[in-house]
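Hi,

Here is the structure I promised to pass on. Have a look at it first, and my notes follow underneath.

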Amino acid sequence: MLELKGRKVHKSIEPELGLTLLDHALKNEVDWGFSCVRGTCARCRCLVSEGMEHLAPPTEEEEDRLEPEELERGFRLGCQAAVRQAGAIVVLHKPYF
Ligand code: FES
């Protein structure tokens, strides 16, 4: 199960392998700010509080855009982080502003 927590809308959905967190939010109408979809604006930034092991490792774009400490604390870019296997994942949209 994938739990997506937007600013207003929270939803638990069945994740689709290969889709990004942002793809899931858009498909399921969870409010999730974004702009570039290329890993540069960070408007889609989010905090993965559970199930990081079910996501693909950070992309080069995420490594460039996020600080190492952010990655360590569980921050990801929603437009980059793809679900790679089934399991419980909890994600909170947490842009800088
Ligand atoms: S939408 Fe710009 S970094 Fe994800």
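**Glutamate 16 and its salt bridge**

With a relative accessible area of 36%, glutamate 16 is partly exposed (buried means under 20% relative accessible area, exposed means over 50%, and partly exposed is in between, with a 1.4 Å probe and protein chains only). Its side chain meets that of lysine 27 in a salt bridge, at 2.5 Å from N to O. A salt bridge here is a side-chain nitrogen of Lys or Arg within 4 Å of a carboxyl oxygen of Asp or Glu. Glutamate 16 sits in the loop between β2 and α1 while lysine 27 belongs to helix α1, so the pair ties together parts that are 11 residues apart in sequence. Lysine 27 counts as exposed, at 52% relative accessibility.

Before you go further, a word on the source: this is a predicted model, where local features need pLDDT of at least 70 and side-chain atom pairs count only at pLDDT 80 or more, while totals for chains, interfaces and linings use all residues. Residues are numbered from 1 along each chain as its sequence is written, and side-chain values use heavy atoms, with hydrogens and water left out.

**The overall picture**

The protein has 3 helices and 5 strands. Helices (H or I, at least four residues) and strands (E, at least two) are DSSP runs, numbered from the N terminus. Going along the sequence, you'll meet them in the pattern β-β-α-β-α-α-β-β. The radius of gyration is 12 Å, close to the 13 Å that the globule rule gives for 97 residues, so the protein is as compact as a globular protein of that length. That radius is taken over C-alpha atoms, and the globule rule is 2.2 Å times the number of residues to the power 0.38. Along the principal axes, the C-alpha atoms fill a box of roughly 30 × 25 × 20 Å.

How much of the protein is buried? Buried residues are 43% of the 97. As for contacts (heavy atoms within 4.5 Å), take those with a separation of 6 or more: 64% of them are between residues 24 or more positions apart. The accessible surface comes to about 5,400 Å², and carbon and sulfur atoms own 50% of it. Accessible areas come from the Shrake-Rupley method with a 1.4 Å probe, and for residues only the protein chains shown count as cover.

**Strand β1 and its neighbours**

Strand β1 (residues 2-5) is a good place to start looking. One face is covered, with Leu2 and Leu4, and the other is uncovered, with Glu3 and Lys5. Which strands does β1 pair with? It runs antiparallel to strand β2 (residues 10-13), with 4 bridges joining the two, and it pairs in the parallel sense with strand β5 (residues 89-93), again over 4 bridges. Two strands pair if DSSP finds at least two bridges between them. A hairpin through 4 residues joins β1 to β2.

Glutamate 3 has a bridge partner on each side: serine 12 in β2 and valine 90 in β5. Leucine 4 stands opposite lysine 11 in β2. On the uncovered face, the side chains of lysine 5 and glutamate 3 meet in a salt bridge of 4.0 Å, N to O. Lysine 5 counts as partly exposed at 24% relative accessibility, and glutamate 3 is partly exposed too, with a relative accessible area of 29%.

**A buried salt bridge**

The whole structure has 4 salt bridges, and one of them joins the side chains of arginine 76 and glutamate 62, at 2.7 Å from N to O. Arginine 76 lies in strand β4 (residues 75-77) and glutamate 62 in helix α2 (residues 60-65), so the pair ties together parts that are 14 residues apart in sequence. Arginine 76 counts as buried at 2% relative accessibility, and glutamate 62 counts as buried at 0%.

**The loop after α1**

Two residues in the loop between α1 and β3 (45-50) have a positive phi without being glycine: glutamate 29, at about 55°, and valine 37, at about 60°. Glutamate 29 is exposed at 65% relative accessibility, whereas valine 37 is partly exposed at 45%.

Valine 37 also joins Leu26 and Phe34 in a nonpolar surface patch of about 240 Å². Patches are made of residues with over 30% relative accessible area and no salt bridge; like charges are joined within 9 Å, and nonpolar side chains (Val, Leu, Ile, Met, Phe, Trp, Tyr) within 5 Å. Leucine 26 lies in helix α1 (residues 21-27) and is partly exposed at 44% relative accessibility.

Cheers
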